[in-house]
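Here is a short briefing to read alongside the structure. Have the chain open in your viewer and follow the topics in turn.

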Amino acid sequence: MDIQVGDVLKLKKPHPCGSSEWEVLRIGADFRLKCKGCEHQIMIARRLVEKNIKDILKKN
């Protein structure tokens, strides 16, 4: 998958705040993602992110 820092990912399951869009802050073995709804940041394994991606919205 071609995911770059700054891209916005739409994941299958929404965050508890209601948003299902996440901004990519860091890539590697783990991803650092920031929720576009409430600004919460998480670190998550690459394989979990790639499995749960619904759509990739490229940065402008």
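How exposed or buried is lysine 58? With a relative accessible area of 44%, lysine 58 is partly exposed. Please keep in mind that this is a predicted model. The points below start with the salt bridge of this lysine and then turn to other parts of the chain.

**Salt bridges**
- The structure has six salt bridges.
- One of them joins lysine 58 to aspartate 7, with 3.6 Å between the closest N and O atoms.
- This pair links distant parts of the chain, 51 residues apart: lysine 58 sits in the segment after strand E5 (53-57), and aspartate 7 in the segment before E1.
- Aspartate 7 counts as buried because its relative accessibility is 2%, under the 20% cut-off.

**A network around glutamate 23**
- Salt bridges link Glu23, Lys34, Lys36 and Glu39 in a network.
- Glutamate 23 pairs with lysine 34 at 3.9 Å, N to O; the first residue lies in strand E2 and the second in strand E3, so the bridge ties together parts eleven residues apart in sequence.
- Glutamate 23 also meets lysine 36, at 3.8 Å.
- Glutamate 23 is buried at 19% relative accessible area, whereas lysine 36 is partly exposed at 40%.

**Nonpolar core**
- The largest nonpolar core has ten residues, among them Trp22, Phe31 and Cys35.
- E1, E2 and strand E3 (30-35) each give two or more residues to this core, and E3 gives the most, with three.

**Positive patch**
- Lys12, Lys13, Arg47 and Lys51 form a positive surface patch.
- Lysine 13 lies in the loop between strands E1 and E2 and is exposed, at 69% relative accessibility.

Technical notes: Residues are numbered from 1 along each chain as its sequence is written. This is a predicted model: local features need pLDDT of at least 70, side-chain atom pairs count only at pLDDT 80 or more; totals for chains, interfaces and linings use all residues. Side-chain values use heavy atoms; hydrogens and water are left out. Patches are made of residues with over 30% relative accessible area and no salt bridge: like charges are joined within 9 Å, nonpolar side chains (Val, Leu, Ile, Met, Phe, Trp, Tyr) within 5 Å. Accessible areas come from the Shrake-Rupley method with a 1.4 Å probe; for residues, only the protein chains shown count as cover. A salt bridge is a side-chain nitrogen of Lys or Arg within 4 Å of a carboxyl oxygen of Asp or Glu. Lys and Arg count as positive and Asp and Glu as negative; His and the chain ends are not counted. The place of a charge is taken as NZ of Lys, CZ of Arg, CG of Asp or CD of Glu. Helices (H or I, at least four residues) and strands (E, at least two) are DSSP runs, numbered from the N terminus. Buried means under 20% relative accessible area, exposed over 50%, partly exposed in between (1.4 Å probe, protein chains only). A nonpolar core is a set of buried Ala, Val, Leu, Ile, Met, Phe, Trp, Tyr and Cys residues joined through side-chain atoms within 4.5 Å.
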